[in-house]
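Colleague: I would like to learn how to read a structure that is new to me. Could we take the features one by one?

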Amino acid sequence: MKERAPAIVAILLLLALVAGTWWAADYARRSIPIDPPRRITHEPDSWATDFTMVRTDEKGIAINRLEGERMQHYPDDDSYEITRARAVGQQPGSPITVGTSNTAVMDQNGDRIIMKGDAHVRRQPGQDVPVLDVKSDELTLLPDQDVVFTDLPALVVHGKSVMNGTGMRYDNKTRQLQVFSATDVKISGEESRSKRGTSSGRTEKKP
């Protein structure tokens, strides 16, 4: 029995050590607060002032530029909110377009820019290409597609022609302009005329 006493004492000490360790770990776990999972809210995580963002094509040529007085990034939807936005499209082979607005939201990895408040897009004139002006409370730009559209009332001035309508779409690559539900259309040219009424849409394609 005397020979077994040291072994029994050692086993008891080991059991006491294990029990003490388990109790200490459990106590520590219960006494130390664990941070709850971080809530993802629509709050900015970064910002910049007087910024310029440039996108290039695969050849490194600048095709789009976005400027503003202030930019804030929101991680929940990876969007950017811009104050006093100015977007410039300069796709090769297409007329330069310049869009401005009080505010703008860029999302979808930069594939979409929603311009809000005094939104204005102007296509610069060129050889045989008259100036094109589009004004609305909100205009959506698809920079890579070189397209601008809105479902809201819009005023479109194309050269000396003026079109008012609800909803419009302009493709700068094909130079196809559509004004939907036009309520006031004045077309200049050899057969210049003033037309008032409602039409389901109007499409104008320039070479």
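Modeller: We will go from the overall layout to single residues. Keep in mind that this is a predicted model.

Colleague: Which helices and strands does the protein have, and how many?

Modeller: Start with the list of elements. The protein has one helix and twelve strands. Along the sequence their pattern is α-β-β-β-β-β-β-β-β-β-β-β-β, and helix H1 covers residues 5-31.

Colleague: How many of the residues count as buried?

Modeller: Of 207 residues, 33% count as buried. The protein exposes about 13400 Å², and carbon and sulfur atoms supply 54% of that area.

Colleague: What share of the contacts joins residues at least 24 apart?

Modeller: Take the contacts between residues at least 6 apart in sequence; 38% of them join residues at least 24 apart.

Colleague: Next, the surface patches. Which residues form the nonpolar patch?

Modeller: Leu-14, Leu-17 and Val-18 form it, with about 300 Å² of accessible area together. Leu-17 belongs to helix H1. Exposed means over 50% relative accessible area. Leu-17 has 55%, so it is exposed.

Colleague: And which residues make up the negative surface patch?

Modeller: Glu-43, Asp-76, Asp-77, Asp-78 and Glu-81 make up that patch. Asp-76 sits in the loop between strand E2 (62-74) and strand E3 (79-89). Its relative accessibility is 35%, so Asp-76 counts as partly exposed.

Colleague: How many salt bridges does the structure hold?

Modeller: A salt bridge pairs a side-chain nitrogen of Lys or Arg with a carboxyl oxygen of Asp or Glu, within 4 Å. The structure holds six of them.

Colleague: How should I read the one between Arg-55 and Asp-111?

Modeller: Look at the distance, then at the places of the two partners. The side chains of Arg-55 and Asp-111 meet at 3.7 Å, N to O. This pair links distant parts of the chain, 56 residues apart: Arg-55 is in strand E1 (residues 46-56), and Asp-111 is in the loop between strand E4 (97-107) and strand E5 (112-123). Arg-55 is partly exposed at 28% relative accessible area, and Asp-111 is partly exposed at 34%.

Colleague: Which residues are linked with Arg-55 in a network of salt bridges?

Modeller: The network links Arg-55, Asp-111 and Asp-144.

Colleague: What are the salt-bridge partners of Glu-67?

Modeller: One partner is Arg-65, with the closest N and O atoms 2.7 Å apart. Another is Arg-86, where the N to O distance is 3.5 Å. The pair of Arg-86 and Glu-67 links distant parts of the chain, with Arg-86 in strand E3 and Glu-67 in strand E2, 19 residues apart. As for exposure, Glu-67 is partly exposed at 21% relative accessibility, Arg-65 is partly exposed at 24%, and Arg-86 is partly exposed at 33%.

Colleague: Now a charged residue without a bridge. Is Asp-146 buried or exposed?

Modeller: Asp-146 is buried, yet has no salt bridge. The nearest side chain of opposite charge is that of Lys-173, 6.4 Å away. With a cut-off of 4 Å, that distance is too long for a salt bridge. Asp-146 is found in the loop between strand E6 (132-142) and strand E7 (147-158). Leaving aside neighbours within four places in sequence, the contacts of Asp-146 include Gln-91, Ser-94, Tyr-170 and Lys-173.

Colleague: Why does Gly-68 count as buried?

Modeller: The cut-off for buried is under 20% relative accessible area. Gly-68 has 11%, so it counts as buried. Gly-68 lies in strand E2. Not counting residues up to four places away in sequence, Gly-68 touches Asp-50, Phe-51, Ile-82, Thr-83 and Arg-84. Gly-68 and Ala-48 are 20 residues apart in sequence and 9.2 Å apart in space, C-alpha to C-alpha.

Colleague: Last, the backbone angles. Which residues other than glycine have a positive phi?

Modeller: Among them are Asp-118, with a phi of about 50 degrees, and Arg-175, with a phi near 60 degrees. Asp-118 is in strand E5 and is exposed, with a relative accessible area of 59%. Arg-175 lies in the loop between strand E8 (161-171) and strand E9 (176-179).

Terms used. Residues are numbered from 1 along each chain as its sequence is written. This is a predicted model: local features need pLDDT of at least 70, side-chain atom pairs count only at pLDDT 80 or more; totals for chains, interfaces and linings use all residues. Side-chain values use heavy atoms; hydrogens and water are left out. Patches are made of residues with over 30% relative accessible area and no salt bridge: like charges are joined within 9 Å, nonpolar side chains (Val, Leu, Ile, Met, Phe, Trp, Tyr) within 5 Å. Accessible areas come from the Shrake-Rupley method with a 1.4 Å probe; for residues, only the protein chains shown count as cover. Lys and Arg count as positive and Asp and Glu as negative; His and the chain ends are not counted. The place of a charge is taken as NZ of Lys, CZ of Arg, CG of Asp or CD of Glu. Helices (H or I, at least four residues) and strands (E, at least two) are DSSP runs, numbered from the N terminus. Buried means under 20% relative accessible area, exposed over 50%, partly exposed in between (1.4 Å probe, protein chains only). Contact means heavy atoms within 4.5 Å.
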